[in-house]
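Hi everyone, thanks for coming. I'd like to walk you through one structure today, so please have a look at it with me.

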Amino acid sequence: MQKKGITQLLWFLMGVILSAIVIIVIVDIGDSIAGLIRWEKNDDNSFNELVDAIEFGIKSGENQQVIYYVSKNHFLVGFDKNEDEARINSVSVKMPEVECAKETCICKCNLNEGDISYYSCLKDAKCSRFNSIEKIGGIVLLKEGSDAKQGGLLIKGRNQLPLNLWVEGKILKITMPNK
């Protein structure tokens, strides 16, 4: 009888331990999924915060700093006033005519199977125009973890970047700290 009681107790303890392990695994997987969902949400929020900082900087004349998040599904590109496309390094992207209307414009565009294509910004792009700006001097970052270079504005890859923003004359300058 005593042996049967010990066996039942051991089975009960093994069940508790196994249940605890299953709960920990489920919570860990759920947290990872929530992290991915939050990353995509920050992508949209981050674009809005970037636009707000630029608009405030234009109105106030003050330098701004933001943390910009870009997901693996999007890229950020800047178009200069009266240009049909952005030509940055070896990449060309057509300006969305309706969203930008030939004004200086920054767009968050969808990647086409992980790549930037000439027409990436023509469907479902989220753009903002800056009528008092004629040109964007920004950074070029084409893959996650690579070094940013000065040039036009083109940011691709899953990145979180601190950006400094200011206006010189009619040029919007976007750099990373210490660059």
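I'll go through the pockets, the strands, a salt bridge and a surface patch. One word before that: this is a predicted model.

Let's begin with the largest pocket. Its space comes to about 170 Å³. Who lines it? The lining consists of G78, F79, D80, E83, E85, A86, R87, I88, K135, I136, G152 and L153. By character, that lining splits into five nonpolar residues, two polar and five charged.

Now, which strands supply at least two residues each of that lining? They are β2, residues 74-79, β3, residues 85-88, and β7, residues 135-141. The biggest contributor is β3, which gives four residues to the lining.

Let's stay with β3 for a moment, and look at its partner. Strand β4, residues 91-94, runs antiparallel to β3, and four bridges join the two. If you want a spot to click on, take A86: its bridge partner in β4 is V93. A86 is also one of the pocket-lining residues I just listed. Together β3 and β4 make a hairpin with two residues between the strands. In that turn, N89 has a positive phi of about 55°.

Next, the cavities. How many cavities of 30 Å³ or more does the count give? The count comes to one. The space in the largest cavity is about 50 Å³, and the residues around that space are E83, D84, K94, M95, E97 and K102. What I'd point out here is the make-up of the lining: one nonpolar residue, no polar ones and five charged. You may recognise E83, which lines the largest cavity and appears in the lining of the largest pocket as well. K94, also in the cavity lining, belongs to the β4 range of 91-94.

Let's move over to the other hairpin I picked. Strand β1, residues 64-70, and strand β10, residues 159-168, run antiparallel and are joined by seven bridges. Within that pairing, V70 stands opposite N159 of β10. β10 then pairs with β11, residues 171-175, again in the antiparallel sense, this time over five bridges. Here N164 has T175 of β11 as its bridge partner. The hairpin of β10 and β11 has two residues between the strands, and G169 takes a positive phi near 65°.

On to charge pairs. The structure holds six salt bridges. The one I'd like to show you links the side chains of K108 and D44, at 2.3 Å from N to O. K108 sits in strand β5, residues 105-110, and D44 in helix α1, so this pair ties together parts that are 64 residues apart in sequence.

And since we've arrived at helix α1, let's finish there. This helix covers residues 2-60, with L10 lying in it. L10 also helps to make a nonpolar surface patch, together with I6, L9, F12, L13 and V16. The area of that patch is about 580 Å².

That's the tour. Thanks for listening, and I'm happy to go back to any part of it!

Technical notes
Residues numbered from 1 in each chain as written. Predicted model: local features only at pLDDT ≥ 70, side-chain atom pairs only at ≥ 80, totals over all residues. Heavy atoms only, no water. 1 Å grid on protein atoms, 1.4 Å probe; cavity = no way out; pocket = protein on both sides within 12 Å on 5 of 7 lines; lining within 4 Å. Points joined across faces, edges and corners; volume = space filled by probe spheres on them. Nonpolar A, V, L, I, M, F, W, Y, C, P; charged D, E, K, R; others polar. Patch = residues over 30% accessible without salt bridge, like charges linked within 9 Å, V, L, I, M, F, W, Y side chains within 5 Å. Areas by Shrake-Rupley, 256 points an atom, 1.4 Å probe, with all protein chains shown as cover. Salt bridge = Lys/Arg side-chain N within 4 Å of Asp/Glu carboxyl O. Pairing = 2+ DSSP bridges.
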